[in-house]
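I opened this model to take notes on its chains, one element at a time. The entries follow the order in which I looked.

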Amino acid sequence: MLAGKKVIFLLTVVIGLFVFSFAIVSSQVVKPILIGATVSLEGKYRMPSHMVEMAYRLWEKEVNSNGGLLGRPVKLILKNDRSSPEFTRKLYEELINKDQVDLVLAPYGSPLTMIASEVSEKHRKLMIACSASSEKLWQRGFQYLIGMYATADRYFIGFLDLIARYGLNSVAIIFEDSTFTKDAANGALKWAHRFHLNVVLAASYKSRDSFFSSIIENLKKIHPDALLLSVYPNDAYRFLKEMELKSFNVKALCITIAPVFPDFCRKVGNMCEGIFAPAQWVPNERIPFPGSKAFISNFKKFAGITPTYHAASCYSACKILEEAIQKTKTLDQDVLLRYVLGLNTVSIIGRFRVSHLGRQMGHNPVTIQWQSGKQEIVYPISLQTALPRFRSVNSD
Amino acid sequence: MNRLTKRNKKRYIPLVFWVMLPILVVGIVFSIIVIQYWCPTLLHEAKERVESDLKLASKLGMRVCDYKFDLILESHLEDDINALRALRKESLEEIKAISENFHKIYMLVVDGRGNAIASSFSSLARARFAVHFPRRLSQIESYILDGLSVKAHVRYFPLWDWYIVSFIKEEDFKAPLLFIKYTVYGGTFGIFAITLLTFILTYRHYISRPLMFLVEASHEISEGRFVTIPVSPKNELGLVIDAFNHMVNNLEQHRKELYSALKALRKNEQFLHAILESIQDGIVVFGDDLRVKYVNSVVKDWFGEKAFLVGKTCDEILSRYGGDIAECELIKSTLKTGIMRTAVVKGLYGSSVEWFEISTYPIKETLSGKVVGVVEVKKDITDARRVSDALRESEERYRTLVENSFDAIIMLSMKRKIISCNQAFLEMFGYARDEVIGKSIRLIHPSDESFYNLGKIHYPLLIQKGSQRLEWEFVRKDGTRIDTEIVSSLVRDSNGNNVGVVAIIRDITERKRYEERISQLQKMEAVGRLAGGIAHDFNNLLQVIIGYVQILLADKSHDDPDFDSLKIIEDSAYRGKELVQQILAFSRSTEARFEPVNLNEIVEHTVRMLERTMSKAINIKLCLSENVSPIKANSVQIEQIIINLAVNAQDAMPDGGEIVVSTTEKILDESEIERLSPEANPGRYVVLCISDTGKGIDKSIINRIFEPFFTTKDVGKGSGLGLAVVYGIVRSHGGFITCESEVGEGTTFTIYFPVSEQLISKDKMNNFSDVKLTLRRGKPKRRGTILLVDDEEMIRILGKEVLERVGYDVLLAKSGEEAVEIYKNVYRNVDLIILDLNMPGMGGIPCLKVLRDINPSANIVIASGYIDRENVKKAMSFGARTYLYKPFSMDHLLEIVDELLT
């Protein structure tokens, strides 16, 4: 009976030890790789940031369905930065220090990426800036920051080349006085001169300026052939509304960011037709880059909306990070950084090749135009889905 | 053959032409279709090929640049000057090399300033162009590059500001097009021409040549030379030629037989022709078909040489040349009956021959007696006919002239019996024609004495002068006399013997009466002028009487035994004034003044006057309605109406009778106005009715009684103006007049005057009875100096006494000249001038002008016993303040003087 009791005791101990050790082992094996980032659930970056969030979530789902990374599942920790740089700084500090994330992803937009990258650089965390293109990002000598986008100064090359080829002569440039928009405008100014165009106006405004009427009155006096608006979506909508109210129009109008969203036409109505926009990528099946077609399809199923280049770029960033981890089999930030700096590949948005400072070199943006309610690629010529159209304008 | 062809060149179109025509048309249409549809297609294809090569070349040039640009962007070489230079150089070389792949297409790169920086066409490699190339992609255009005409396609590469031009020389561009055009045109027309030529040669040898032989032989035969055809081809035409030769041989035999028979016939025909041509009347021979077979030269002369009558029917000739339809009927009748006919018919239109006498003779077959034609013999009788027509027309013309004359025309024998007369004579004297023809002219003389006197006075002068004019009185059948003017002429026969007298008698009764009326009017005008002349002097006399009576009355009370006597003198003087007014109004020497008056008062006053002047056998009865409304009228003219109608009534009652004068007032509605006088307006009227029991007016003339100069009175007894004047006065008063009369019963004239809305002025009502008391009061005393100018001494004395009596100082002047002299000296002291207008010497108006010249503000009152409107107007225009019409009352004088001096 005693022996029986001993046996039962020993058996219980053995089972207990087995369960304990299993629990310890199993608890060590399934620890997910934590990846942190902020998204703007409110504020002026809400719309593009929603695309970024959906792209991150899609990748998380896909990578986990494929067995995760290094045998560990991937868990995204996404926090709401409210489109605020201060919140962004605080949240990234929190993600790295408190949440102990293994990797960080970038927030949306150059201004927030500028702040977020300061935190990641301080903590020597690799950050692939998937939706920032400001030139200033690369002028700080940061080591752990990698760019996905072509830089902002190249956004308007396609549009300017087109209008020069079609005989338009004068250009006006209006831009918000913020990091990305200013860089894009400066680039446009530089390229306009290269294309022998006449820049008749280059004017900036503060983002808090809520009225564009004085700018439009000035434009009416100058009456340029083409107008470039380097602005964020909300300002773009207000500017277009003001143009409509003041019955002002130009032969060619190019706007950053807002026109790449599928619901652009629904929001701006009649003003939509003929508007050009630079885009890092276009959800068009004629885009020849591998994986592009599958991404469009998967994203639509996952998010219920057509992806923009913001989504495609951030998804590509995740894929590059995934490849780096898979190839190097480590989460060591320096190893991963070296791998990414040496990459010369083609992602779903095009070529990926960065300089030793992490600045994107291989990728160039395309130019789209809204024609009959559809986005058509009009530049580069080799990818053209339709010839560009120019508005007929009655000069006063 | 040649001779024949030449002879017939203008007369036929070769058969080959008709055969060739559709072939030619089809060939040309086919060629045009080929050229129209094939040539442009080929040309378009060739052009498209060259143009697409040009576009492709420029596109390849652009591709080179785009490729380099992609490289720059991917490698971020935009700021690498060395790399860019190398890339540009490479691009230029590659662009130049493009032309090696195209035939005769060259490449050219031009910078933004027009400098060529590279070209596969060596002479343009360093050229500078003035051409402005389009930046926007355009179509292929023509350019002149450094003197070289080219077709070019241009693309712009903005990064390097390059114009990439692919071009081909104009001549090289056109060369293939011209080649295609010439090949198509030449080939089409060449094939067409060869086909045509082959057909013509074949046709000429096998068809045309034998046919021309046949034609030539036919012409030879027609000219009497019987020839056969020497050739005979081995085809259908050969058979025709054989048959033709056989026919020619037979014909030659028959011709010889006919020739001898014809010769005999021609000789006979010539003899007959000579006979017919020798006849001077027209001969026309018709066949049994009624067509002309022969006409002789006389007929040809009538119808003209160009008239082709032979072969035409009589009706056809008639419709073309005119004439008488009876002529054809006659010919047809003779042809049908075989009986000879004769008639006179009309000639031809537009011909000198107007009348023919025609005879138609049947032509009968010798054996059967059947009528086979008609010989018509036409004789020109125009001249004889023309003479007889002229005589008849002349006679008819004179007959019409006589019958239509308004004057009576008669023809008398030398024994003064009426041979003939016109209708006017019968109407003038009231006889029927059978009552006068053959009767003595004594018929229309009022007496034997008149008949003998006229013969005694008139005939010797008539026989001496040949014609005579005089006035004579005749009598109508009904016994009424008629004044006439007679113009008579002698009628002589061809030997110069007097055979009768033609007399034209004109009724001048009316003219005579009119002349008498004019004479009466002239008398009346003379009376009027006389009345005007004496009116002034007469009024001056009345003025003196009235003036002094009023001075005397001013000092008398009503109880004074002399007061009534003086009043009667004053009234009589005023009646004298009215009498003068009436005389002047009757003679139209004064203007009528219309004012509200009481018709009853005028009637009573006038009737009292008539009772004194009219026959005692006439009883005048008054039936005046009380309280009739006033009418706006001129009382003198109303009096004239009553007088004229009363005088007429008296004339209508030579044995006496009754005149009833009545007044009443009526309201006439529209229906009554419509019945009485449609021109008048409905409303209230005062009605004056004057009726008599005289002989009345005949219905036939009652509508004419108001016509001027219409009268039924004997000559010298009435002017014919009485009722016309009445009518005129009534119309001028806005009224109307009606007349009702029955012969033997009497006449009633009813006059309607519209009622006046104005009341009768008191002055008028009291004109004769009110004595003003101004003179008698004599106070307060007036102050002022008055110059009284009048040629009548009594007037001057009267005026001075009256004016001084009330306190004025009075200066007197007896003429205009004296007045001027006085006024020159004392005009500053003279306050008023009373100036007589009718003065001898200077006269009133000139004196007035001089006085106003001396003192433009002179107060002048003009006065006269005879003032017409024109003189008053003139005086007022020269500055007179007002006027006084003599005789005036002293109160009236003082009223005016006081008013002007206040």
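These are my notes on the predicted model, from chain B as a whole to single strands and a helix.

**Entry 1: chain B overall**

I started with the totals. Chain B has 902 residues, and 25% of them are buried. I found 25 helices and 27 strands in chain B. I then looked at contacts in chain B with a separation of 6 or more. Of these, 58% join residues 24 or more positions apart.

**Entry 2: where the chains touch**

How many residues of chain B are in contact with chain A? I get twelve from chain B, against 13 from chain A. Helix α2 of chain B, residues 15-75, gives the most to this side, with three residues. I sorted the chain B side by type: five residues are nonpolar, five are charged and two are polar.

**Entry 3: strand β9 of chain A**

I went to strand β9 of chain A, residues 252-255, and checked its side chains. A252(A) and C254(A) point one way. L253(A) and I255(A) point the other way. All four named residues of β9(A) are buried.

Next I looked for its partners. Strand β8 of chain A, residues 226-230, pairs with β9(A) in the parallel sense over four bridges. Here L229(A) has I255(A) as its bridge partner. What lies between them in the β-α-β unit? Helix α8 of chain A, residues 233-245, joins β8(A) and β9(A) in this unit, and the unit is right-handed.

β9(A) is also joined to strand β10 of chain A, residues 275-279, by two bridges, and this pair runs parallel. In β10(A), I275(A) stands opposite L253(A).

**Entry 4: a three-stranded sheet in chain A**

I traced an open sheet of three strands, in the order β2-β1-β3 of chain A, with parallel pairing. Why do β2 and β3 of chain A each have one side without a neighbour in the sheet? β2 (74-80) and β3 (103-104) stand at the edges and have a single partner strand each, so one side of each stays free of a neighbour in the sheet. I checked one of the pairings. Strand β1 of chain A, residues 33-39, runs parallel to β3(A), and two bridges join them. G36(A) stands opposite V104(A) there.

**Entry 5: strand β6 of chain B**

Back in chain B, I followed strand β6, residues 282-287. Its side chains alternate. G282(B), V284(B) and F286(B) point to one face and are buried. I283(B), V285(B) and G287(B) point to the other face and are not buried.

Which way do its partners run? Strand β10 of chain B, residues 371-380, is antiparallel to β6(B), with six bridges joining the two. V284(B) has E376(B) as its bridge partner in β10(B). Strand β7 of chain B, residues 292-295, also pairs with β6(B) in the antiparallel sense, over three bridges. There, F286(B) is partnered with V292(B). β6(B) and β7(B) form a hairpin with four residues between the strands. In this hairpin L290(B) takes a positive phi near 65°.

**Entry 6: helix α12 of chain B**

I ended on helix α12 of chain B, residues 448-465. I tested its span. With 18 residues at 1.5 Å a residue, α12(B) should span 26 Å, and its end C-alpha atoms are 26 Å apart, which agrees. Where does α12(B) bend? I place the bend at H458(B), by about 30°, and a proline, P460(B), follows within four residues. After the helix comes G466(B), with a positive phi near 95°.

Key:
Residues are numbered from 1 along each chain as its sequence is written. Chains are lettered from A and ligands numbered from 1 in the order in which they are written. This is a predicted model: local features need pLDDT of at least 70, side-chain atom pairs count only at pLDDT 80 or more; totals for chains, interfaces and linings use all residues. Two residues are in contact if their C-beta atoms, placed from the backbone, lie within 7 Å. Ala, Val, Leu, Ile, Met, Phe, Trp, Tyr, Cys and Pro count as nonpolar, Asp, Glu, Lys and Arg as charged, and the others, Gly among them, as polar. A residue is buried if 20 or more other C-beta atoms lie within 10 Å of its own, exposed if 12 or fewer, and partly exposed in between; C-beta atoms are placed from the backbone. Two strands pair if DSSP finds at least two bridges between them. A crossover is right-handed if, with the strands pointing away from the viewer, the path from the first strand over the helix to the second runs clockwise. The expected span of a helix is 1.5 Å times one less than its number of residues. The bend at a residue is the angle between axes fitted to the seven residues ending there and the seven starting there.
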